[in-house]
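Okay, everyone, thanks for coming. I'd like to walk you through one structure today, so please pull up the view on your screens.

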Amino acid sequence: KNKSETIVESIADAIIVCDSELRIQLLNQSAVDLLDVREADAIGRPAAEIIADNRLKSYLTEGIHPGARDEPYLSFRYRNKTIYLRPRITVIPSRNSAERGGTVLVLQDVTIYKEIDKMKSDFMAAVSHEFRTPLTSINMSVDILRQKLLGPLNAEQEELLAGSRQDCERLTKLVRELLQLSRLEAGKIEVKFEPFDVPLAIESTLQALKLPFQEKGVELEVLNRGDIPVLIGDEQQFSWVVSNLVSNALKHTDPGGRVEISASGENGSVLVRVSDTGKGIPEDQLKNIFDKFVQVKAQQVATPGSVGLGLAIAKEIVELHGGRIWAESRVGEGSTFSFLLPVSSRVNA
């Protein structure tokens with residue numbers, strides 16, 4: 001017992017140990033400081049009486065790993081600054097498998113990683129902003145040369161300028177996505193929560209994509225299942241998510257394949273699915289595809305000008321509306337990307 005308590009006490013992360021009836025059995029000094037309690041007053045008492053934070057209470061009572069809630073960390077005010085802790089729940093087994101012997105809650109301090117991530121996002125935003133002016137100048141110069149305003153061009157010069165134009169478009173797209181992602185993360189994009197018709201928004205979004213589908217020889221089908229409620233949210237951002245998912249499906253579907261987009265009402269929410277018959281995504285990569293700068297490595301041909309920001313932006317937009325987004329896939333059979341938005345959510349409005 002002394003050995004175990006010494007080990008626990010030496011750990012910098014806050015640790016709370018409860019018995020099967022959720023009475024506190026052990027707290028290390030980090031937990032005592034975080035909860036602002038006296039260890040002597042806490043030991044043996046119900047956790048619900050000692051812990052004021054409802055989020056920590058729910059983890060202890062339900063015994064659910066935070067990852068199941070898609071909640072990577074919790075923020076706290078501690079010693080006049082904001083810190084970020086990642087909860088980790090471990091259920092102590094009981095002799096009777098039907099019961100829980102106890103619960104261990106570890107609160108890992110990830111503040112430094114959160115700060116590094118913010119520094120990286122700020123750096124990307126600054127660099128992207130600085131890229132815009134020279135890119136605009138380069139685009140204008142290339143256009144002037146391609147229009148032959150300064151003199152005729154031979155075939156090789158025209159080919160070089162066409163390639164330069166494509167590279168400029170890819171860089172412009174990258175800069176635009178970096179700026180959009182950094183603004184979303186910083187909460188600087190104003191989301192307009194207004195009612196709009198989901199089928200009409202999807203139809204309008206797909207108009208610009210019909211020609212690329214025809215050129216590649218991929219079938220595009222739209223299905224609206226049942227009565228779809230009017231959604232309260234930002235129609236422009238909604239359309240961006242739909243366009244991104246459908247464009248990705250087209251990129252990874254071979255000619256002769258099929259992409260299907262459907263919408264339906266789901267218990268006070270709107271569910272949108274985009275399915276394709278493409279190459280599919282390996283199971284071990286599914287959990288990471290919504291992270292920044294992540295691309296599926298199994299694809300035979302890389303997407304030119306793409307660095308893996310589209311799905312990260314889509315995730316930010318969906319979560320800004322109080323929804324969630326996920327993917328299901330099997331290699332060789334295709335993928336399905338789905339997002340669920342509550343009808344009347346005004347999260348962060």
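Quick bit of vocabulary before anything else: when I say two strands pair, I mean that DSSP finds at least two bridges between them. And keep in mind that this is a predicted model.

With that, let's start at a hairpin. Strand E3, residues 74-78, and strand E4, residues 81-93, run antiparallel and are joined by 5 bridges. If you want a landmark there, Phe76 sits across from Ile83 in E4. The hairpin has 2 residues between its strands, and Arg79 has a positive phi near 55 degrees. Asn80 lies in that loop between E3 and E4 too, and its phi is also positive, about 65 degrees, although Asn80 is not a glycine. I point these out because most residues other than glycine have a negative phi. Is Asn80 buried or exposed? Exposed, because its relative accessible area is 75% and the cut-off is over 50%.

There's another one to look at, Asp36. You'll find Asp36 in the loop between helix H2 (29-35) and helix H3 (39-42). Asp36 isn't a glycine, yet its phi is positive, about 60 degrees. Asp36 counts as exposed as well, with 68% relative accessibility.

Let's zoom out for a second. The protein has 12 helices and 12 strands. Of its 349 residues, 38% are buried. If you take contacts between residues at least 6 apart in sequence, 60% of them join residues at least 24 apart. The exposed area comes to about 20,300 Å², with carbon and sulfur atoms supplying 51% of that.

Now for the sheet I want you to look at. It's an open one with 5 strands and mixed pairing, and the order goes E7-E9-E10-E12-E11. E7, residues 219-225, and E11 are the edge strands, each pairing on one side only. On average, neighbouring strands here are turned by 15 degrees against each other, ignoring direction. Over at the E7 end, E7 pairs with E9 (residues 258-265) in the parallel sense, over 7 bridges. Glu221 stands opposite Glu260 of E9 in that pairing.

What packs on this sheet? Helix H10 does, and it touches E7, E9, E10 (269-276) and E12 (334-342). The direction of H10 makes about 175 degrees with that of E12.

H10, which covers residues 235-251, also meets another helix, H12: their axes come within 10 Å and cross at roughly 145 degrees. The crossing is left-handed. On the H10 side the contact uses Gln237, Trp240, Val241, Asn244, Leu245 and Asn248, and on the H12 side Gly310, Leu311, Ile313, Ala314, Ile317 and Val318. Sort those residues by type and you get 8 nonpolar, 4 polar and no charged.

Last stop, Gly323. Gly323 is in the loop between H12 (310-320) and strand E11 (324-330). Gly323 counts as buried, because its relative accessible area is 15% and the cut-off is under 20%. So which residues does Gly323 contact, leaving aside its neighbours within four places in sequence? Val318, Leu340, Leu341 and Pro342. Val318 should ring a bell, since it was on the H12 list a moment ago. And Leu340 is 17 residues away from Gly323 in sequence, but the two C-alpha atoms are 5.4 Å apart in space.

That's my tour. Happy to take questions.

Technical notes
Residues numbered from 1 in each chain as written. Predicted model: local features only at pLDDT ≥ 70, side-chain atom pairs only at ≥ 80, totals over all residues. Heavy atoms only, no water. Helix = DSSP H or I, 4+ residues; strand = E, 2+ residues; numbered from the N terminus. Buried < 20%, exposed > 50% of the residue type's maximum accessible area, 1.4 Å probe, protein only. Contact = heavy atoms within 4.5 Å. Axes fitted to C-alpha atoms, helices over the stretch in contact; angles between N-to-C directions. Left-handed = near helix turned anticlockwise from the far one by under 90°. Nonpolar A, V, L, I, M, F, W, Y, C, P; charged D, E, K, R; others polar. Areas by Shrake-Rupley, 256 points an atom, 1.4 Å probe, with all protein chains shown as cover.
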